[in-house]
Amino acid sequence: MEDKREVWQRGPLPNIPSLLQPVAHALLQAREELHEMMIDFPETLLWDGPAGVASPAFHLQHLTGVLDRLFTYADKEALISDQLHALNIEGNQQETLSSMKELIELFNTQVDLSINKLSKVNIDTLSEARFVGRNLIPTTLIGLYVHAAEHTMRHIGQLLVTVRILKGK
């Protein structure tokens, strides 16, 4: 029988440090909510942005891209050209060849990669400095992980509202 409780209510995730459980729970919750909301969503509405809000396609691309970029910074690495290209085409229908199913799969894969990275974190490093972007905005490792979780959930919420409005048309 499927457990209908939110991910965080199902208990600790194996191999994830206790301090990072909320981050992992949020990412897995986001994935579950995304799958639920996209059931029966028409591909023809993927690029629609009602009342000037971002399209579902943008959110799907952005959700994947942000996790990829933030976890790259967490690894003390700079973005590579593929990541910069992905950032530049977020929300650009002419530059995107992926279907809705492919965009969802890319997000699933990125969540799996992120959870895997969380499982390998030495908790003694969580307060270490990290830097974001070309401007080297200062933060900490845990700051990046927490932001990855909250930013993901923020876009899931925006996507949910947009999808509901578009489905209601």
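A residue is called buried when its relative accessible area is under 20%, exposed when that area is over 50%, and partly exposed in between. With these cut-offs, the residues of helix α1 that count as buried are Q21, V23, A24, H25, A26, L27, L28, Q29, A30, R31, L34 and M37. The structure described here is a predicted model, and the values given below are therefore computed from that model.

Helix α1, which covers residues 21–37, is mostly covered, since 12 of its 17 residues are buried. These buried residues pack against three other helices, namely α2, α4 (100–119) and α5. From its first C-alpha to its last, α1 reaches 24 Å, a span that is close to the 24 Å expected at 1.5 Å a residue.

The loop between α1 and α2 contains both D48 and P50, and the accessibility of each can be read against the cut-offs given above. D48 has a relative accessible area of 27% and is therefore partly exposed, whereas P50, with a relative accessible area of 13%, is buried. Leaving aside neighbours within four places in sequence, P50 is in contact with T162, I165 and L166. Of these contacts, L166 is 116 residues from P50 along the chain, yet the C-alpha atoms of P50 and L166 are separated by 7.3 Å. For D48, a separation was computed to S127, which is 79 residues away along the chain, and the C-alpha atoms of D48 and S127 are separated by 41 Å.

Helix α2 follows as residues 56–74, a stretch of 19 residues that reaches 27 Å from its first C-alpha to its last, close to the 27 Å expected at 1.5 Å a residue. Because 17 of the 19 residues of α2 are buried, this helix is largely enclosed by the rest of the structure. One residue of α2 that can be examined individually is H59, which has a relative accessible area of 3% and is therefore buried. When neighbours within four places in sequence are left aside, H59 is in contact with A54, H155, Q158 and L159. Between H59 and E36, which are 23 residues apart in sequence, the C-alpha to C-alpha distance is 15 Å.

A further residue of α2, F71, takes part in the 1 aromatic pair that the structure holds, and the partner of F71 in this pair is Y145. The centres of the two rings are 5.0 Å apart and their planes stand at 45 degrees, so the pair is classed as tilted; the class of tilted pairs takes in planes that are neither under 30 degrees apart nor over 60. Since F71 lies in helix α2 and Y145 in helix α5 (residues 141–167), the pair ties together parts that are 74 residues apart in sequence. Both F71 and Y145 are buried.

The arrangement of α2 and the helix α3 was considered next. Two packed helices are described by the angle between their axes together with the distance between those axes. For α2 and α3 (residues 81–89), the angle is about 145 degrees and the axes are 10 Å apart, and the crossing of these two helices is left-handed. On the side of α2, the residues that meet α3 are Q61, D68, R69 and T72, while Q83, L87 and I89 are their counterparts in α3. Sorted by class, this contact has 2 nonpolar, 3 polar and 2 charged residues.

Finally, the backbone was examined for positive phi angles. Most residues other than glycine have a negative phi. K76, which is not a glycine, nevertheless has a positive phi of about 65 degrees, and this residue comes just after α2, in the loop between α2 and α3. Its relative accessible area is 60%, so K76 is exposed. L136 is likewise not a glycine and has a positive phi of about 50 degrees. The place of L136 is the loop between β1 (129–132) and β2 (137–140), and, with a relative accessibility of 53%, L136 counts as exposed.

Note on methods. Residues numbered from 1 in each chain as written. Predicted model: local features only at pLDDT ≥ 70, side-chain atom pairs only at ≥ 80, totals over all residues. Heavy atoms only, no water. Helix = DSSP H or I, 4+ residues; strand = E, 2+ residues; numbered from the N terminus. Expected span 1.5 Å × (residues − 1). Buried < 20%, exposed > 50% of the residue type's maximum accessible area, 1.4 Å probe, protein only. Axes fitted to C-alpha atoms, helices over the stretch in contact; angles between N-to-C directions. Left-handed = near helix turned anticlockwise from the far one by under 90°. Contact = heavy atoms within 4.5 Å. Nonpolar A, V, L, I, M, F, W, Y, C, P; charged D, E, K, R; others polar. Phe/Tyr/Trp six-rings, centres within 6.5 Å; stacked < 30°, edge-to-face > 60°.
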